[in-house]
Amino acid sequence: MQLKNDLLIRAAKGEKVERTPVWLMRQAGRILPEYRKVRASVSGFKELVKTPELAAEVTIQPVDLLGVDAAIIFSDILVIPEAMGLDYEMVEKTGPVFPKTINNASDLDQLRVADAARDLAYVTDAIQLVKKELNGRVPLIGFAGAPWTLFCYMIEGSGSKTFSKARKVLYTDPQMAHKLLDMITQSTITYLKCQIDAGADIVQLFDSWGGILGDNQYNEFSMKYIETICNAITEVPITVFAKGAYLAREKMSSLACETIGLDWNMDIAESRKIIGDQKTLQGNLDPCALYGSYDEIAIQTKSMLNQFGSHRHIANLGHGVYPDTNPDHVRCFIDTVKNFQFNS
Ligand code: CP3
């Protein structure tokens, strides 16, 4: 299927584009009343994720309702721990909770490398439905959590400000840490390949907790596994977004990935200098900027576009859009990118 709007793919590959493509991390979700309506019709988040027809519907909503240049498959990074044998619950207003966690090497015996084709068929079924429904209108982004970020949840059992339990293991049992990270990595590679086979046009790794490690530990416990995944994914362009991983930017420039995501605290010019001109950069407006007035959103968005320049940039926020953001303000951000002309 030929894509009618392939701006995102061309920008990722460093090809010339007529204008900067734009989408938002966490665009498929609570910001839209239309999402909340579908969400209210099921028993919980996981039912939505595991019902391909509904997951497909909410994946496409931001394309129709916001006008973004890409869809991202509605799912969660935590489907991988679950497919490895560690169930999670999504608790209303709290977030994910794992009733069982990984505490020692013998807990690893209870886990398996995920059989993505079998256990995550609900995701690939949803991808196939989305691709059919989109009919080439925009590309579809597949995704997975980076191994380090999934490790954090599997050890800690829930979100945490410090993830100190997960970091503790790096000192007390680094061997176990590597074994688990390796299992997550193998699971993720087959999972991303299944997503690509089903139709994902580009894939993104989310290392949401990359910023809590120092440079040496980031290299050993996160970057190494991201590198393995990037080397294995040769079929479509891949994006790496590691929130807060400032010191990792230089090494990221030699990863086998096309695009590097920046969070809103990463200076654009400095990041470009560190990373060089062989990668596309994605980001990085502060999600809070969308709480400002329309005028202020336009000013901030144009300033961001000018700083990135017209080549090798995918416009996005510096992290996921916050759930209480007004969709009209999101549209203002998107329309500002779409109507922007350089040197105007
Ligand atoms: O981007 C998209 O729109 C696609 C769907 C998507 C979800 N989660 C749906 C979701 C994506 C790409 C994710 C990724 C994800 N999930 C990350 C990495 C990105 C990031 O924000 O750092 C992380 C860390 C998770 C884990 C997770 N899932 C948490 C911590 C929570 C609770 C807090 C929150 O953001 O709501 C979730 C729940 C979740 N995942 C919701 C959605 C739409 C909200 C649940 C609901 O609707 O009931």
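How do the residues of the shell around the ligand divide into nonpolar, polar and charged? The legends below take that up and then move to other parts of this predicted model.

**Figure 1. The shell around the ligand.** The ligand has 21 residues around it. Twelve of the residues in this shell are nonpolar, five are polar and four are charged. The closest ones are R26, A28, Y35, S208 and H319. If you are wondering where in the protein the ligand sits, the space it takes is the largest pocket. Two elements give two or more residues to the shell: helix 2, which covers residues 33–40, and strand 3, which covers residues 95–97.

**Figure 2. Polar side chains at the ligand.** Three side chains are worth zooming in on here. Y35 places a polar side-chain atom 2.5 Å from an oxygen atom of the ligand. For R26, the distance from a polar side-chain atom to a ligand oxygen atom is 2.6 Å. D76 has a polar side-chain atom that lies 2.8 Å from a nitrogen atom of the ligand. Taken alone, the ligand would expose 860 Å², and the protein buries 87% of that area.

**Figure 3. R26 and its backbone.** This view stays with R26, one of the closest residues to the ligand. Where along the chain does R26 have its place? R26 is in the loop between helix 1 (7–12) and helix 2. Its phi is positive, at about 65°, although R26 is not a glycine. Most residues other than glycine have a negative phi. Is R26 buried or exposed? R26 counts as exposed because its relative accessible area is 54%, and the cut-off for exposed is over 50%.

**Figure 4. Q27 and V22 in the loop between helix 1 and helix 2.** Q27 lies in this loop, and so does V22. Q27 has a relative accessibility of 0%, so Q27 counts as buried. Which backbone atoms lie by the polar atoms of the Q27 side chain? One is the backbone oxygen of A70, which is 2.9 Å from a polar atom of that side chain. Another is the backbone nitrogen of L24, with a distance of 3.1 Å to a polar atom of the Q27 side chain. V22 is buried as well, because its relative accessibility is 0%. Look also for L8: 14 residues separate L8 and V22 along the chain, and their C-alpha atoms are 7.7 Å apart.

**Figure 5. Strand 9 and the loop before it.** R312 belongs to the loop between helix 15 (294–308) and strand 9 (313–317). The phi of R312 is near 55°, a positive value in a residue other than glycine. Is R312 buried or exposed? With a relative accessibility of 11%, R312 counts as buried, because the cut-off for buried is under 20%. Strand 9 itself contains L317. L317 is buried too, with a relative accessible area of 0%. How far apart in space are L317 and W23, C-alpha to C-alpha? They are 8.3 Å apart, with their positions 294 residues apart in sequence.

**Figure 6. A cis peptide bond in the backbone.** Here the view centres on G283 and N284, which are joined by a cis peptide bond. The omega angle of this bond is about -10°. By comparison, most peptide bonds are trans. N284 has its place in strand 8, which runs over residues 280–285.

**Figure 7. Y122 in helix 8.** Helix 8 (residues 121–134) is where Y122 is found. At a relative accessibility of 13%, Y122 counts as buried. A second residue to pick out is A55: Y122 and A55 are 67 residues apart in sequence, and their C-alpha atoms are 9.2 Å apart in space.

**Figure 8. E235 in a loop.** E235 is found in the loop between helix 12 (215–232) and strand 6 (238–242). E235 is partly exposed, with a relative accessible area of 42%. How far apart are the C-alpha atoms of E235 and M84? They are separated by 24 Å, and the two residues are 151 residues apart along the chain.

Conventions: Residues numbered from 1 in each chain as written. Predicted model: local features only at pLDDT ≥ 70, side-chain atom pairs only at ≥ 80, totals over all residues. Heavy atoms only, no water. Near = heavy atom within 4 Å. Polar contact = N/O pair within 3.5 Å; in protein donor to acceptor, adjacent residues only side chain to side chain. Areas by Shrake-Rupley, 256 points an atom, 1.4 Å probe, with all protein chains shown as cover. 1 Å grid on protein atoms, 1.4 Å probe; cavity = no way out; pocket = protein on both sides within 12 Å on 5 of 7 lines; lining within 4 Å. Sits in = over half its atoms within 2 Å of the grid points. Helix = DSSP H or I, 4+ residues; strand = E, 2+ residues; numbered from the N terminus. Nonpolar A, V, L, I, M, F, W, Y, C, P; charged D, E, K, R; others polar. Buried < 20%, exposed > 50% of the residue type's maximum accessible area, 1.4 Å probe, protein only.
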